[in-house]
Amino acid sequence: MAASRIDGKAIAADVRVNVASAVKALPSQPTLAVILVGEDPASQVYVNSKIKQTEECGMRSLHRVLPANATQAEVEAEIAALNADDEVDGILLQLPLPKGLDSDAAIEKISPDKDVDGLTEASAGRLVLGKLGLRPCTPSGCVILAKRALGDDLSGKHVVVVGRSILVGKPAALLFLAENCTVTIAHSRTKDLAAVCREADILVPAVGRPQMLTGEYVKAGATVIDVGINRIDAPERGEGKSRLVGDAEFSSCENIAGHITPVPGGVGPMTIACLLQNTVLAACARRGWSVPDILNA
Ligand SMILES: Nc1nc(=O)c2c([nH]1)NC[C@@H]1CN(c3ccc(C(=O)N[C@@H](CCC(=O)O)C(=O)O)cc3)C=[N+]21
């Protein structure tokens, strides 16, 4: 029997509706600042959709564009100015930066209070220590999707995260651990990866290899939350055409899994929804407002 699809697009829209109601309940409008360095077309598309969705949720958005040949000091000066601007609640530095710039060093300049991507050392430390803080967006989206499929209580579920990246794999493992899951982090050196993956109640492929995890990696009835967004050639659609696929091979996994996220329309839209939610949370923490109930659900 085919797995039921977890509709990330619809669930992200639900999250944004909640964010918009939360914004209405606040004393004033939160502001998200997005810094784009260079003219990478894919980054421009992402940034534009972040700006559009920020405004649709009733928040202010600031857009800072630096040329591709900007220096490290210029990028960091822009961050410093936004840190110092009391109107700004969240700062997002669009990644990747052009070659020659040090993104780790730049991210570290973002005030942890405004770190809506959850990527600074302070945010990572708070996550590890179980302290209040801003959580990385893609992993938060994965937890929300798993809860929509399985219910809010994930305790005791065996989660296998495949991939140990700083951006996704590691923080996803920690967020599922905070939900009282039993967590395994598998990676390129894991022995008999398929057998490890077949132990998973919730399988989270986050390796960046198109369609690597086939149905053989999935336990019958398991939930697959596919983090991969890979663009591959699609000659069947015509010369030079491409399409997006996940790290899981959808057609074979769909026959075995109980629930599965599609790509596109799965984790991707949740990343931006969680960014908007983080902006509200950052505004509340910075300004001493209580978090509207609708976001505590
Ligand atoms: N500081 C920073 N924070 C980020 O969160 C960040 C970043 N830099 N740089 C780039 C990556 C990528 N990313 C995506 C967000 C949404 C979709 C998304 O909504 N994708 C759609 C498909 C979009 C399409 O059709 O191309 C989907 O999966 O359905 C994808 C990718 C955020 N990133």
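In this predicted model, H158 has T182 as its bridge partner in β6. That pair belongs to a set of five bridges joining strand β5 (residues 158-162) to strand β6 (residues 182-186), and the two strands run parallel. To get from β5 to β6, the chain passes through helix α7 (residues 169-178), and this β-α-β crossover is right-handed. Helix α7 lies across β5, β6 and β7 (202-205), running at about 170° to β6.

Now step back to the sheet that holds these strands. It is an open sheet of six strands with parallel pairing, in the order β1-β11-β8-β7-β5-β6. Why is one side of β1 (4-5) and one side of β6 left without a neighbour in the sheet? Both strands stand at the edges and each has a single partner strand, so there is nothing in the sheet on the other side. For β1, two parallel bridges lead to strand β11 (residues 259-260). If you would like to find this pairing in the structure, look for S4, whose bridge partner in β11 is H259.

There is another sheet to visit. Three strands form an open sheet with parallel pairing, in the order β3-β2-β4. Here β3 (60-66) and β4 (90-93) stand at the edges with a single partner strand each, so one side of each is left without a neighbour in the sheet. From one strand to the next, the twist averages 15°. Strand β2 (residues 31-37) is joined to β4 by four bridges, and the two run parallel. Within this pairing, A33 has I91 as its bridge partner in β4.

Helices accompany this sheet as well. Helix α2 (residues 41-56) packs on the sheet and touches β2 and β3, with a direction that makes about 170° with that of β2. Helix α3 (residues 72-84) lies across β2, β3 and β4 and runs at about 160° to β3.

The chain is assigned two domains, domain 1 (27-114) and domain 2 (137-269). Taken over C-alpha atoms, their centres are separated by 28 Å. Where does the ligand lie relative to domain 1 and domain 2? Both domains give residues to the shell around the ligand, so it lies between them.

Let us look at that shell in more detail. There are 16 residues around the ligand, and those that come nearest are L95, P264, G268, P269 and T271. Two elements, β4 and α10 (267-287), give two or more residues to the shell. The largest share, four residues, comes from α10. By class, the shell has eleven nonpolar, four polar and one charged residues.

Two of those nearest residues, L95 and P264, also appear among the backbone features below. As background, most residues other than glycine have a negative phi, and most peptide bonds are trans.

| Site | Feature | Angle |
|---|---|---|
| L95 to P96 | cis peptide bond | omega near -5° |
| V263 to P264 | cis peptide bond | omega about 0° |
| D192 | positive phi, not a glycine | phi about 45° |

Each of these sites can be placed in a loop. P96 is found in the loop between β4 and α4 (103-108), while P264 sits in the loop between β11 and α10. D192 lies in the loop between β6 and α8 (193-197).

Definitions and conventions
Residues are numbered from 1 along each chain as its sequence is written. This is a predicted model: local features need pLDDT of at least 70, side-chain atom pairs count only at pLDDT 80 or more; totals for chains, interfaces and linings use all residues. Two strands pair if DSSP finds at least two bridges between them. Axes are lines fitted to C-alpha atoms, for helices over the stretch in contact, and angles run from 0 to 180 degrees between N-to-C directions. Two residues are in contact if their C-beta atoms, placed from the backbone, lie within 7 Å. A crossover is right-handed if, with the strands pointing away from the viewer, the path from the first strand over the helix to the second runs clockwise. A residue is near a molecule or strand if its C-beta atom, placed from the backbone, lies within 6 Å of it. Ala, Val, Leu, Ile, Met, Phe, Trp, Tyr, Cys and Pro count as nonpolar, Asp, Glu, Lys and Arg as charged, and the others, Gly among them, as polar. Domain bounds come from an automatic or database domain assignment.
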